[in-house]
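Colleague: Please take me through this model, and give the cut-offs behind each term as it comes up.

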Amino acid sequence: MRIPDEERALAEAARAGDQKAFAGLVRLHQRRAYLVARAIVTVHEDAEDAVQEGFVRAWQAIERFDPSQGFQAWVNRIVANAALDITRRRKVRTTEELSDALQSPFRDPAQDAELKSRLNEALAQLPERARSVIVMHDVEGFTHVEIGEMLGIPGGTARSDLHHARQKLRTLLKDLRG
Amino acid sequence: MADELKFPTDGEKPDRDSLDESLKALIRDAYAPPDGDAYWSGLEQRIMARVASESSADSSWWTVLAPWGRPALIAAAAVFAIAGVVNQQLVDSDEQMAYDSAFQSSTPDVVSTSEEIMSVERGADGATISYFLSH
């Protein structure tokens, strides 16, 4: 894997304790880390908490980071763990709450309201891990192996979860999509 | 933005089971990250504020204890040295006591044995022996 020179330099400086260099890594990777967290926790505020917690943990463990490896993949795993910790703490959550949570304030208001509403309900009915896998793979483009590493499951399980999640989503949205 | 965030999917088989693009677009929209540089610079600042506070918390205990490091090492060395001297003195004392006790217990035995011999020679048995020898 080719690591950009800028990222490698930042990572090496951060390992030496340079907080400004670490801020550069945060700037480069926080959006992607947010997407990972959001796929797991669903709620924007929780995703933001997971990103913050993940980067703080990454700073605490920066001496163990190998700069020859990609910082993005490393920090994504840490952020995913932080997000999973949040979901464990908030395990009990009703379908209604999830559906409300998916009403992101950042979405495009021009989309069809009914379709969006049904999609949100359908996503809320998926098992937590299946929803994470489908978002990570079909929306964010992670591979099964990458998803498996982030969620702590085998790549084959991620593939299987994805297949079942897609089937269920299609079934739930069948009447809408004709 | 979504395109620039996509990872390559090299090594994966062709995905015939994939959701159609309109559905993916809807999900992508529902999970879209906040837009605007102000949000991201704000998040970065919050992260770095926590990093800075974690760093100061990590170093604060060492900052407090660091001035005590050298005196503590000197004190520990002194304690070891004193303990060594005391231990050596105890060993010497034990050896002296063992020597003294061995010497003092053997001397009275020798004296008492010679006294017994003398008393035997001077007692009634001695007189009997002298009688037989003279006859």
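Modeller: Helices (H or I, at least four residues) and strands (E, at least two) are DSSP runs, numbered from the N terminus. This is a predicted model, in which local features need pLDDT of at least 70 and side-chain atom pairs count only at pLDDT 80 or more, whereas totals for chains, interfaces and linings use all residues. Residues are numbered from 1 along each chain as its sequence is written, while chains are lettered from A and ligands numbered from 1 in the order in which they are written. On these terms, the secondary structure of chain B comes to four helices and zero strands.

Colleague: How many helices and strands does chain A have, and what share of its residues counts as buried?

Modeller: Chain A has 10 helices and zero strands. A residue is buried if 20 or more other C-beta atoms, placed from the backbone, lie within 10 Å of its own, exposed if 12 or fewer, and partly exposed in between. Whereas only that criterion decides the class, the share for the 135 residues of chain B is 7%, and for the 178 residues of chain A the buried share is 41%.

Colleague: Which helix of chain A gives the most residues to the largest nonpolar core?

Modeller: A nonpolar core is a set of buried Ala, Val, Leu, Ile, Met, Phe, Trp, Tyr and Cys residues joined through C-beta atoms within 7 Å. The largest one has 58 residues, of which Val36(A), Ala37(A), Val51(A), Val79(A) and Ala83(A) touch the most other members. Domain 1 (1–92) and domain 2 (96–178) of chain A both contribute, so the core lies between them, the bounds coming from an automatic or database domain assignment. With 11 residues, the element that gives the most is helix α2 (residues 19–41) of chain A.

Colleague: Is α7(A) mostly covered or mostly uncovered, and how many of its residues are buried?

Modeller: Helix α7 (residues 128–139) of chain A reaches 16 Å from its first C-alpha to its last, close to the expected 16 Å, where the expected span is 1.5 Å times one less than the number of residues. Its buried residues, including Ile134(A) and His137(A), pack against α2, α6 (113–125), α8 (144–151) and α9 (155–172) of chain A together with α1 of chain B; packing is judged by contact (C-beta atoms, placed from the backbone, within 7 Å). The helix is mostly covered, the buried count being 10 of its 12 residues.

Colleague: Which element gives the largest share of the side of chain B that touches chain A?

Modeller: In this interface, 30 residues of chain B are in contact with 39 residues of chain A. The elements of chain B that give two or more residues to its side are α1 (21–30) and α2 (37–65). The largest share, 11 residues, comes from α2(B).

Colleague: Where in chain B is confidence lowest, and where is it highest?

Modeller: The measure here is pLDDT, the predictor's confidence in each residue, from 0 to 100. Chain B averages 73, and 59% of the residues score at least 70, while the complex receives an ipTM of 0.78 and a pTM of 0.63. Where pLDDT is low, the predicted coordinates should not be read in detail. Confidence in chain B is lowest in helix α4 (residues 124–134), at a mean of 65, and highest, at 84, in α1(B).

Methods. Contact = placed C-beta atoms within 7 Å.
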